[in-house]
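Visitor: I would like a close look at one part of this model, the helix that packs against the nonpolar core, together with what surrounds it. Please take me through it with care.

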Amino acid sequence: MSSYKPSLLVAGLMCAAVSPAVAGDSSSSQLPFNVLFGTKIANEYNLRSVSQTQGRPAAQGYIELNFANGLYAGFWASNVDFDATDPYAEFDYYGGIRHSFDALSLDVGYVYIDYIGENPGNQLDFWKIYGIAKYALTDDLTIGANLYWSNSFIGFNGVDGTHSSFFARRALPELNLPYDISSYVSGEIGHQWVGSNFAPGYTFWNAGMGFTHKAMTLDLRYTGSDLSKSECVAFIGQADSCGNRFLLSLSFDTSLNQIK
């Protein structure tokens with residue numbers, strides 16, 4: 001894998017995050033939409049308790065257009081590092097519609113996952129459709145569930161891939177942290193199913209705590225799954241990408257409406 005490629009990706013992510021701020025200096029109040037954008041640096045890119053960077057650091061970024069009628073479209077990117085076709089980046093193109101009904105929020109959409117720099121042969125690129133529901137039990141406690149499905153799992157047409165999870169998040173205003181720092185605890189438990197005995201199904205989970213100051217969030221998390229080492233090799237190609245581990249990330253998230 002060429003060493004310059006991740007560097008170019010990180011530079012591109014930073015440019016994507018900065019350019020909307022420049023646009024905000026113009027007449028953003030006249031635009032019929034909002035632009036959300038952000039970046040994240042993490043000790044690894046971990047997806048459903050499986051490392052996508054073989055335990056190495058990750059730089060990520062996104063930009064999203066949100067319209068008043070609930071429609072949205074966005075782009076997300078991260079470096080990756082795993083065997084098989086040996087891509088160096090993942091680009092996600094997504095869109096859908098979100099709407100809130102008092103305490104209930106619903107989101108349905110489509111995402112196309114594009115792996116960049118793959119070796120010749122079968123390509124891992126594939127699509128998913130999804131639904132997400134969240135319900136605010138109180139001002140501080142939100143619970144939710146999601147469901148994702150594809151019949152083109154990691155690029156193999158006709159192979160069904162489904163994953164679903166339940167999650168919860170509670171703000172901790174009682175901590176009364178200084179300097180306008182807010183905090184939360186959150187957790188998730190879910191399962192992935194793959195059809196045609198193509199790859200092992202497994203249960204995954206995570207739990208952690210975060211601290212937010214203005215647009216910055218520091219998140220500390222512990223994650224794991226019931227995948228064995230041999231199942232991990234069958235799933236992603238290397239045994240060291242699975243197993244219980246700590247995750248640490250620092251993210252920055254804002255929008256044109258917040259900075260105009």
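Guide: What follows begins with the helix and its surroundings, and then turns to the strands. The model is a predicted one, and the part to look at is α2, which spans residues 229–236 and is among the elements that give two or more residues to the largest nonpolar core.

Within α2, the buried residues are Cys232, Phe235 and Ile236. Because these three cover an arc of only 65° around the axis, they lie on the same side of α2. On the other side of the helix, Ser230 and Ala234 are exposed, where exposed stands for over 50% relative accessible area and buried for under 20%. The cover over the buried residues of α2 includes β3 (50–51), β11 (182–194) and β12. After the helix comes glycine 237, which has a positive phi, near 105°.

The core itself has 27 residues, and those that touch the most other members are Val50, Tyr130 and Phe235. Besides α2, the elements that contribute two or more residues to this core are β5, β7, β8 (126–136) and β12 (202–213). Valine 50 can be followed back to the helix: when its neighbours within four places in sequence are left aside, its contacts include Phe235 and Ile236, and also Tyr45, Tyr202, Leu227, Ser241 and Cys242.

Several of the contributing strands belong to antiparallel pairings that can be traced in turn. Strand β5 (residues 71–79) is joined by nine bridges to the antiparallel strand β6 (residues 89–101), and in this pairing tyrosine 72 has glycine 96 of β6 as its bridge partner. Strand β6 in turn runs antiparallel to β7 (residues 104–116), with 13 bridges between them, and here tyrosine 93 stands opposite tyrosine 112 in β7. The hairpin that β6 and β7 form has two residues between the strands, and aspartate 102, in the turn, has a positive phi of about 55°.

On β8, a further antiparallel pairing, with eight bridges, leads to β9 (residues 141–150). Alanine 136 has threonine 142 of β9 as its bridge partner, and the hairpin that joins β8 to β9 passes through four residues. Strand β9 also pairs in the antiparallel sense with β10 (residues 161–171), over 10 bridges, and asparagine 146 has serine 165 of β10 as its bridge partner.

Conventions: Residues are numbered from 1 along each chain as its sequence is written. This is a predicted model: local features need pLDDT of at least 70, side-chain atom pairs count only at pLDDT 80 or more; totals for chains, interfaces and linings use all residues. Side-chain values use heavy atoms; hydrogens and water are left out. Two strands pair if DSSP finds at least two bridges between them. A nonpolar core is a set of buried Ala, Val, Leu, Ile, Met, Phe, Trp, Tyr and Cys residues joined through side-chain atoms within 4.5 Å. Buried means under 20% relative accessible area, exposed over 50%, partly exposed in between (1.4 Å probe, protein chains only). Contact means heavy atoms within 4.5 Å. The arc is that of the directions from the helix axis to the C-beta atoms.
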